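Visitor: Could you show me how to read the inside of this model?
Guide: Sure, let's have a look together.

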Amino acid sequence: MAPAETATVYQRIVTAFNKHPRKVFRVRDLHEHLGLPTDEPSIDVTRSRLGRLIRQGFLGQPGRGRCQKRT
(Lines give C-alpha, C1' and ligand atoms only; values in the text may rest on other atoms or scores of the structure.)
Protein backbone atom coordinates (compact mmCIF):
# COMPACT_ATOMS: atom_id res chain seq x y z
CA MET A 1 0.00 0.00 0.00
CA ALA A 2 1.31 3.47 -0.81
CA PRO A 3 2.09 5.83 2.12
CA ALA A 4 -0.84 8.12 1.21
CA GLU A 5 -3.23 5.15 1.23
CA THR A 6 -1.85 4.04 4.61
CA ALA A 7 -2.40 7.53 6.04
CA THR A 8 -5.95 7.51 4.70
CA VAL A 9 -6.72 4.17 6.37
CA TYR A 10 -5.25 5.41 9.67
CA GLN A 11 -7.35 8.56 9.39
CA ARG A 12 -10.49 6.50 8.75
CA ILE A 13 -9.74 4.35 11.80
CA VAL A 14 -9.11 7.39 14.02
CA THR A 15 -12.26 9.08 12.70
CA ALA A 16 -14.35 5.98 13.49
CA PHE A 17 -13.12 5.98 17.08
CA ASN A 18 -13.63 9.75 17.40
CA LYS A 19 -17.23 9.47 16.12
CA HIS A 20 -17.97 6.57 18.49
CA PRO A 21 -15.76 7.25 21.55
CA ARG A 22 -17.59 4.85 23.87
CA LYS A 23 -17.97 2.01 21.37
CA VAL A 24 -15.76 -1.03 21.75
CA PHE A 25 -14.69 -2.35 18.36
CA ARG A 26 -13.42 -5.80 17.43
CA VAL A 27 -11.17 -5.72 14.35
CA ARG A 28 -13.70 -7.49 12.10
CA ASP A 29 -16.49 -5.14 13.28
CA LEU A 30 -14.29 -2.13 12.54
CA HIS A 31 -13.60 -3.48 9.04
CA GLU A 32 -17.32 -3.91 8.40
CA HIS A 33 -18.02 -0.43 9.79
CA LEU A 34 -15.41 1.11 7.46
CA GLY A 35 -16.32 -1.02 4.45
CA LEU A 36 -12.85 -2.61 4.33
CA PRO A 37 -12.20 -6.19 3.12
CA THR A 38 -12.69 -8.81 5.83
CA ASP A 39 -10.12 -11.33 4.59
CA GLU A 40 -7.53 -12.46 7.15
CA PRO A 41 -4.50 -10.63 5.65
CA SER A 42 -6.39 -7.31 5.69
CA ILE A 43 -7.58 -7.89 9.23
CA ASP A 44 -4.03 -8.71 10.36
CA VAL A 45 -2.78 -5.40 8.94
CA THR A 46 -5.52 -3.51 10.80
CA ARG A 47 -4.75 -5.45 13.98
CA SER A 48 -1.16 -4.22 13.67
CA ARG A 49 -2.34 -0.64 13.10
CA LEU A 50 -4.59 -0.81 16.15
CA GLY A 51 -1.65 -2.14 18.18
CA ARG A 52 0.35 0.95 17.18
CA LEU A 53 -2.52 3.23 18.20
CA ILE A 54 -2.75 1.43 21.55
CA ARG A 55 1.01 1.82 22.15
CA GLN A 56 0.76 5.52 21.25
CA GLY A 57 -1.96 5.94 23.87
CA PHE A 58 -4.80 6.92 21.53
CA LEU A 59 -6.72 3.67 22.09
CA GLY A 60 -7.31 1.50 25.10
CA GLN A 61 -7.83 -2.25 25.14
CA PRO A 62 -10.79 -3.08 27.40
CA GLY A 63 -10.51 -6.79 26.58
CA ARG A 64 -8.65 -9.23 24.38
CA GLY A 65 -9.21 -8.33 20.74
CA ARG A 66 -11.19 -5.20 21.57
CA CYS A 67 -10.27 -1.53 21.21
CA GLN A 68 -11.86 1.65 22.43
CA LYS A 69 -10.88 5.30 22.34
CA ARG A 70 -8.98 6.18 25.47
CA THR A 71 -10.78 8.85 27.48
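Guide: What follows is a short walk through the core, the rings and one helix. This is a predicted model, where local features need pLDDT of at least 70, side-chain atom pairs count only at pLDDT 80 or more, and totals for chains, interfaces and linings use all residues. Residues are numbered from 1 along each chain as its sequence is written, and side-chain values use heavy atoms, with hydrogens and water left out.

Visitor: Which residues touch the most other members of the largest nonpolar core?
Guide: In soluble globular proteins, nonpolar side chains tend to be buried together. A nonpolar core is a set of buried Ala, Val, Leu, Ile, Met, Phe, Trp, Tyr and Cys residues joined through side-chain atoms within 4.5 Å; buried means under 20% relative accessible area with a 1.4 Å probe, protein chains only. Here the largest one has 16 residues, and Ile13, Phe17, Leu30, Leu34, Leu50, Leu53 and Leu59 touch the most other members. Its largest share, six residues, comes from α1 (helices are DSSP runs of H or I, at least four residues, numbered from the N terminus).

Visitor: How do I read an aromatic pair?
Guide: Use the distance of the centres and the angle of the planes. Rings of Phe, Tyr and Trp (its six-membered ring) pair with centres within 6.5 Å, and planes over 60 degrees apart count as edge-to-face. Phe17 and Phe25 do just that, at 5.1 Å centre to centre and 75 degrees between the planes. Both are buried.

Visitor: Which residues of α2 are buried?
Guide: Val27, Leu30, His31 and Leu34. They cover an arc of only 100 degrees around the axis, so they sit on the same side of α2; the arc is that of the directions from the helix axis to the C-beta atoms. After α2 comes Gly35, with a positive phi near 70 degrees.

How values were computed
Buried < 20%, exposed > 50% of the residue type's maximum accessible area, 1.4 Å probe, protein only. Helix = DSSP H or I, 4+ residues; strand = E, 2+ residues; numbered from the N terminus. Phe/Tyr/Trp six-rings, centres within 6.5 Å; stacked < 30°, edge-to-face > 60°.
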